[in-house]
Amino acid sequence: MNFYHFWAYEKILNTEWFIWTIVLLVFFLNFVSGILIWFTMSGKSLKLDFKKRKEEDSNK
């Protein structure tokens, strides 16, 4: 069977919405990775301590 006649290729992989999802995902990852590398190289820490925030909210 030819891959280009396979159901998943015709109905999912070869659709406009799927291609645009991949394109936007690559752009998003490229943007976010640049920010993460910048924070890492500058020595600043990302304040992502979710447990501490939840504990502070529950104590109020």
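This report describes the helices, the surface and a group of aromatic rings in one protein chain.

**Overall fold and confidence**

The model is predicted, and its protein chain has a mean pLDDT of 83, with 72% of its residues reaching 70 or more. The secondary structure consists of three helices and zero strands, so that the chain, when it is read along the sequence, follows the pattern α-α-α. Confidence in the protein chain is highest in α2, at a mean of 93, and lowest in helix α3 (residues 50–59), where the mean is 64. Where pLDDT is low, the predicted coordinates should not be read in detail.

**Helix α2 and the residue after it**

Helix α2 covers residues 16–42, which makes 27 residues. With a rise of 1.5 Å a residue, this helix should span 39 Å, and the C-alpha atoms at its ends are indeed 39 Å apart, so the expected and the computed span agree. Just after α2 comes G43, which takes a positive phi of about 85°.

**Surface**

Of the 60 residues in the protein chain, 3% are buried. The accessible surface of the chain comes to about 6,000 Å², and 67% of that surface belongs to carbon and sulfur atoms. A nonpolar surface patch of about 410 Å² is made by F3, Y4, F6 and L13; one of these residues, Y4, lies in the segment before α1 (7–13).

**The aromatic rings**

The structure holds five aromatic pairs. In one of them, the rings of F3 and Y4 have their centres 5.8 Å apart and their planes at 70°, and because an angle over 60 degrees counts as edge-to-face, this pair is given that name. Y4 also pairs with Y9, for the centres of these two rings are 5.2 Å apart and their planes stand at 80°, so this pair is edge-to-face as well. F3, Y4 and Y9 together form one aromatic cluster.

How exposed or buried is each residue of this cluster? The table gives the relative accessible area of each residue and the class that follows from it.

| Residue | Relative accessible area | Class |
|---|---|---|
| F3 | 46% | partly exposed |
| Y4 | 51% | exposed |
| Y9 | 18% | buried |

The classes follow from two cut-offs, because buried means under 20% and exposed means over 50%, with partly exposed in between. Y9, at 18%, is therefore buried, whereas Y4, at 51%, is exposed, and F3, at 46%, counts as partly exposed.

Conventions. Residues are numbered from 1 along each chain as its sequence is written. This is a predicted model: local features need pLDDT of at least 70, side-chain atom pairs count only at pLDDT 80 or more; totals for chains, interfaces and linings use all residues. Side-chain values use heavy atoms; hydrogens and water are left out. Patches are made of residues with over 30% relative accessible area and no salt bridge: like charges are joined within 9 Å, nonpolar side chains (Val, Leu, Ile, Met, Phe, Trp, Tyr) within 5 Å. Accessible areas come from the Shrake-Rupley method with a 1.4 Å probe; for residues, only the protein chains shown count as cover. A salt bridge is a side-chain nitrogen of Lys or Arg within 4 Å of a carboxyl oxygen of Asp or Glu. Helices (H or I, at least four residues) and strands (E, at least two) are DSSP runs, numbered from the N terminus. Buried means under 20% relative accessible area, exposed over 50%, partly exposed in between (1.4 Å probe, protein chains only). The expected span of a helix is 1.5 Å times one less than its number of residues. Rings of Phe, Tyr and Trp (its six-membered ring) pair if their centres lie within 6.5 Å; planes under 30 degrees apart count as stacked, over 60 as edge-to-face and the rest as tilted. pLDDT is the predictor's confidence in each residue, from 0 to 100.
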